[in-house]
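Me: I'd like to go through this model with you before I set anything up. Could you take my questions as they come?

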Amino acid sequence: MPEGQLAAVATVLAEHTATAGDCWFGFWSGRGAARSMGLPRFGPRLTIPYREDFLLVHGAVRDAVRTLDSWGPNLWWPRDRAWFVASDIDLMSTYIGSSVECARALHACPELETIGTARRRR
């Protein structure tokens, strides 16, 4: 995601969490830039099936724009888990799970192209 869009997403998401200063960012460890940009070799990690580990960095929501060689975090979420952002290394889209109110605010942001989804009811 381009940095301008990343900043726009972070601005909206910071308004939709009570813990904007307490956020986790996961950078896929398989990306060469993750190793060369000084992320800690030892420290917290997140493991997801069929992927190498994600190196975890702690900060504020607005720190999402601190990219690694222009690559943003692949995963990020605030402490209160009000939302969750996922940008897979192999995909062109970013997925955000959030409240309806937060999704509407993201959709209203002119810097972003959004497509809404809904939970499938059984």
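Reply: What follows covers a helix, the nonpolar cores and a pocket, and the model is a predicted one.

Me: What do the ends of helix α1 say about its length, at 1.5 Å a residue?

Reply: Helix α1 runs over residues 3-14, and because each residue should add 1.5 Å, its twelve residues are expected to span 16 Å, which agrees with the 16 Å between its end C-alpha atoms.

Me: And which residues of α1 are buried?

Reply: Those are Leu6, Ala8, Val9, Ala10, Val12, Leu13 and Ala14, and they pack against the strands β4 (75-78), β5 (84-87) and β6 (94-97) as well as against α3 (100-108).

Me: Which residues touch the most other members of the largest nonpolar core?

Reply: That core has 19 residues, and the ones with the most contacts to other members are Leu13, Val61, Trp76, Trp83 and Leu106. Two or more residues come from each of α1, β1 (23-28) and α3, with α1 giving the most, seven residues.

Me: What does Val61 touch, leaving out residues up to four places away in sequence?

Reply: Val61 then touches Ala10, Leu13, Ala14, Thr17, Ala20, Cys23, Phe25, Trp76 and Trp83.

Me: Changing topic, what volume does the largest pocket have?

Reply: Its volume is about 1200 Å³, and of the 36 residues that line the pocket, Ser93, Thr94, Tyr95, Ile96 and Glu113 are the closest to its centre.

Me: What is the lining like by class, and which element supplies the largest share?

Reply: By class, the lining has 18 nonpolar, 13 polar and five charged residues, while the largest share, five residues, comes from α3.

Notes
Residues are numbered from 1 along each chain as its sequence is written. This is a predicted model: local features need pLDDT of at least 70, side-chain atom pairs count only at pLDDT 80 or more; totals for chains, interfaces and linings use all residues. Side-chain values use heavy atoms; hydrogens and water are left out. Helices (H or I, at least four residues) and strands (E, at least two) are DSSP runs, numbered from the N terminus. The expected span of a helix is 1.5 Å times one less than its number of residues. Buried means under 20% relative accessible area, exposed over 50%, partly exposed in between (1.4 Å probe, protein chains only). Contact means heavy atoms within 4.5 Å. On a 1 Å grid over the protein atoms alone, a cavity is a set of points where a 1.4 Å probe fits but cannot get out, and a pocket is an open set with protein on both sides within 12 Å along at least five of seven lines; lining residues have an atom within 4 Å of a point. Grid points are joined across faces, edges and corners, and a volume is the space filled by probe spheres set on the points. Ala, Val, Leu, Ile, Met, Phe, Trp, Tyr, Cys and Pro count as nonpolar, Asp, Glu, Lys and Arg as charged, and the others, Gly among them, as polar. A nonpolar core is a set of buried Ala, Val, Leu, Ile, Met, Phe, Trp, Tyr and Cys residues joined through side-chain atoms within 4.5 Å.
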